[in-house]
Amino acid sequence: MRLFWIFRFWRSFSAAGLLIGTLFFAASLTPTLLPRTFVTQGVLSGCSFAAGYGLGVFGRWLAYYLELPKPTGRIVRAIKLVAAATCILVAVAFLWQASEWQNSIRQLMRLEPVDTAHPLKVGLIALLTFVLLILLARLFQVTFLFISRMLGRIVPKRVSYVIGIAAAAALFWTVVNGVFFRFALHAADSSFQAFDELIEPETQQPADPSKTGSDTSLIEWDELGRAGREFIATGPTSKDLGSFLGMDAREPIRVYVGLRSAETAEERAKLALEELKRVGGFDRSVLIVVMPTGTGWIDPAAMDTVEYLHGGDVASVAVQYSYLTSWLSLLVEPGYGAEAARTLFAEIYSHWAKLPKESRPRLYLHGLSLGALSSEQSAELFEVIGDPYQGALWSGPPFPSRIWRSVTDDRERGSPAWLPRFRDGSYVRFTSQENGLAIPDAHWGPMRIVYLQYASDPVTFFDYRSLYRQPEWMAGPRGSDVSPELKWYPVVTLLQLTVDMATATTAPMGYGHVYAPEHYIDAWIEVTDVRGWTAEQINRLKLEFLRRRRRGAAGEGQASWCSSPARRSTSVSRSCTSTTFRSR
């Protein structure tokens with residue numbers, strides 16, 4: 001009986017679907033932007049197989065609908081046997097090549113090569129994923145046919161089919177969105193909120209009254225959130241800066257308002273402004289309005305470097321707007337970050353614009369990932385054109401970023417999409433691992449915008465249109481961190497990039513969506529117009545951060561970097577950030 005059901009299940013498959021599905025499976029093994037584990041590769045290959053199979057089934061239905069001749073009997077069985085044999089040969093051949101394709105990415109990212117891509121594990125996971133998706137599709141088909149038959153008693157057959165598909169789709173969407181998705185989102189929200197409230201024993205409340213979260217602060221220490229407490233408690237001190245720079249340095253000012261510090265975005269922004277005024281933030285030379293990632297995390301690679309470059313004469317202010325990771329925030333609450341960014345900027349800018357121009361700090365914006373997207377939306381140009389802020393550094397801008405997209409689409413002809421040049425370079429410039437900001441004969445205007453982005457960052461270069469056409473960033477010349485083996489395949493490339501985006505922060509530092517401090521240094525020098533530093537001193541600073549990162553990697557067994565040598569022995573939270581950048 002069991003063999004009968006297996007045989008019946010096998011006979012129900014489409015030969016065309018199996019052939020196209022196998023081609024999609026094979027294509028999914030080729031490289032895209034990031035290395036994959038056998039688990040992610042297996043799930044990706046299973047989804048690709050299912051997508052190709054679905055196209056094959058649709059083609060068969062279309063042929064029947066057009067009343068084209070169809071094979072029967074022995075011919076059908078022969079076709080299926082040939083198709084099965086072909087599928088096995090193609091799958092084995094491509095699985096054999098998979099490790100070489102993965103190593104083509106790993107070599108560029110300076111990772112140890114893999115000896116095997118675990119073809120058996122990949123194949124089993126892919127088969128399981130494919131079967132589960134097929135069963136789900138069959139369940140949808142059964143639901144659709146049942147509804148159609150019921151309606152067929154009162155409406156024409158084809159009308160019943162249309163209504164049946166729509167009703168089945170609505171039913172499935174209601175179940176997925178109303179039950180599964182809401183349950184998963186509630187669980188994620190509760191989990192991230194509990195994590196945010198966690199106070200690590202080694203993260204001490206500051207005793208300095210000028211610090212946010214101290215006893216005299218307007219903001220309670222336990223309401224800052226985990227990311228906020230880390231931001232305040234870590235980073236270079238005036239002693240660290242003075243020791244490296246060989247001169248007196250100031251204590252950097254950092255202000256952070258947690259999501260639990262006030263009820264609304266407006267109240268949190270006002271609280272941030274009052275705290276910034278209390279600690280003397282407007283008396284510094286540089287003031288940076290920072291938008292964190294979805295969890296409230298602020299990249300220390302960005303903030304520590306700018307504080308070194310300005311000898312601590314920097315004040316930064318940020319507000320938290322979510323507990324969720326960036327991709328979840330972008331999915332379920334995309335407007336929260338933009339609302340928080342606009343409200344915070346409006347409060348800070350309003351006060352800053354009233355100060356005497358000769359004595360007020362230079363004002364800048366910064367954000368990473370979802371923070372970059374939100375920071376872009378802080379203000380429209382017409383709102384500040386009369387008294388503009390001085391610039392912005394946006395790193396890893398997500399693909400929906402409006403200004404980034406507009407500038408990239410309107411880039412100078414001949415410049416690559418992953419490192420575009422925009423007009424004369426007086427307003428906006430792009431850079432990556434290699435400093436691309438020194439444009440010959442280009443002069444900065446009154447506002448300096450810099451995008452720091454890696455060609456291997458799928459958060460930036462994900463494109464829905466890769467479903468049916470090759471993305472522009474794939475055209476030559478490619479970025480130095482993009483595999484030359486990468487090819488575009490319809491449908492499959494979209495699935496590959498989706499997996500890459502979900503695993504973007506697992507890349508080694510300096511690749512993917514993990515931005516290295518030495519690359520921030522060149523960007524901050526241009527954005528904030530750093531002067532008085534020689535090329536030798538800049539290289540020394542880069543080497544210092546690179547050494548810290550390597551020491552952290554050796555101590556933690558993974559890519560990380562340490563914010564202060566003096567703190568390295570006291571706690572992971574104070575010295576290394578390898579765990580925090582994984583949960584943006």
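# Close-up views of a predicted chain

**Figure 1. The whole chain at a glance.** Start with the big picture: 20 helices and 7 strands make up the secondary structure of the chain. Helices (H or I, at least four residues) and strands (E, at least two) are DSSP runs, numbered from the N terminus. This is a predicted model, where local features need pLDDT of at least 70, side-chain atom pairs count only at pLDDT 80 or more, and totals for chains, interfaces and linings use all residues. Residues are numbered from 1 along each chain as its sequence is written, and side-chain values use heavy atoms, with hydrogens and water left out. Of the 584 residues in the chain, 52% are buried. Here buried means under 20% relative accessible area, exposed means over 50%, and partly exposed is in between (1.4 Å probe, protein chains only). About 27,900 Å² of the chain is exposed, and carbon and sulfur atoms supply 62% of that area. Such areas come from the Shrake-Rupley method with a 1.4 Å probe; for residues, only the protein chains shown count as cover. Among contacts (heavy atoms within 4.5 Å) with a separation of 6 or more, 73% join residues 24 or more positions apart.

**Figure 2. Helices α2 and α3 pack against each other.** Helix α2 covers residues 15-28, and its axis runs 7 Å from that of α3, at an angle of about 145°. The axes are lines fitted to C-alpha atoms, for helices over the stretch in contact, and angles run from 0 to 180 degrees between N-to-C directions. The two helices cross in a right-handed way; that is the label when the near helix is turned clockwise from the far one by less than a right angle, while an anticlockwise turn is left-handed. On the α2 side, the contact includes Ala 16, Gly 17, Phe 24 and Phe 25. From α3, look for residues including Leu 44, Phe 49, Tyr 53 and Val 57.

**Figure 3. A nonpolar patch sits on the surface.** Phe 58, Trp 61, Leu 62, Tyr 65, Leu 66 and Leu 68 together make a patch of about 630 Å². Patches are made of residues with over 30% relative accessible area and no salt bridge: like charges are joined within 9 Å, nonpolar side chains (Val, Leu, Ile, Met, Phe, Trp, Tyr) within 5 Å. Zoom in on Leu 68, and you're in the loop between α3 (38-65) and α4 (73-108). Leu 68 counts as partly exposed because its relative accessibility is 46%.

**Figure 4. Glu 380 and Arg 402 form a salt bridge.** The structure has 18 salt bridges, each a side-chain nitrogen of Lys or Arg within 4 Å of a carboxyl oxygen of Asp or Glu. In this one, the N to O distance is 3.2 Å. Glu 380 is in the loop between α13 (370-376) and α14 (381-384) and Arg 402 is in helix α15 (residues 402-409), so the pair ties together parts 22 residues apart in sequence. Glu 380 is partly exposed at 35% relative accessibility, and Arg 402 is partly exposed at 46%.

**Figure 5. Two salt bridges involve Asp 529 and Asp 522.** Asp 529 pairs with Arg 448, with the closest N and O atoms 3.7 Å apart. Since Arg 448 is in strand β7 (residues 448-452) and Asp 529 in the loop between α18 (517-527) and α19 (535-556), the pair ties together parts 81 residues apart in sequence. Arg 448 is buried at 17% relative accessibility, whereas Asp 529 is partly exposed at 26%. Asp 529 also has a positive phi, near 55°, in a residue other than glycine. In the other salt bridge, Asp 522 meets Lys 542, the closest N and O atoms being 2.8 Å apart. Asp 522 belongs to helix α18 and Lys 542 to helix α19, 20 residues apart, and both residues are buried.

**Figure 6. Ser 160 is tucked into its surroundings.** You'll find Ser 160 in helix α6 (residues 157-197), buried at 1% relative accessible area. Leaving out residues up to four places away in sequence, Ser 160 touches Ser 148, Leu 151, Gly 152 and Val 155. The C-alpha atoms of Ser 160 and Ser 148 are 4.9 Å apart, with their positions 12 residues apart along the chain.
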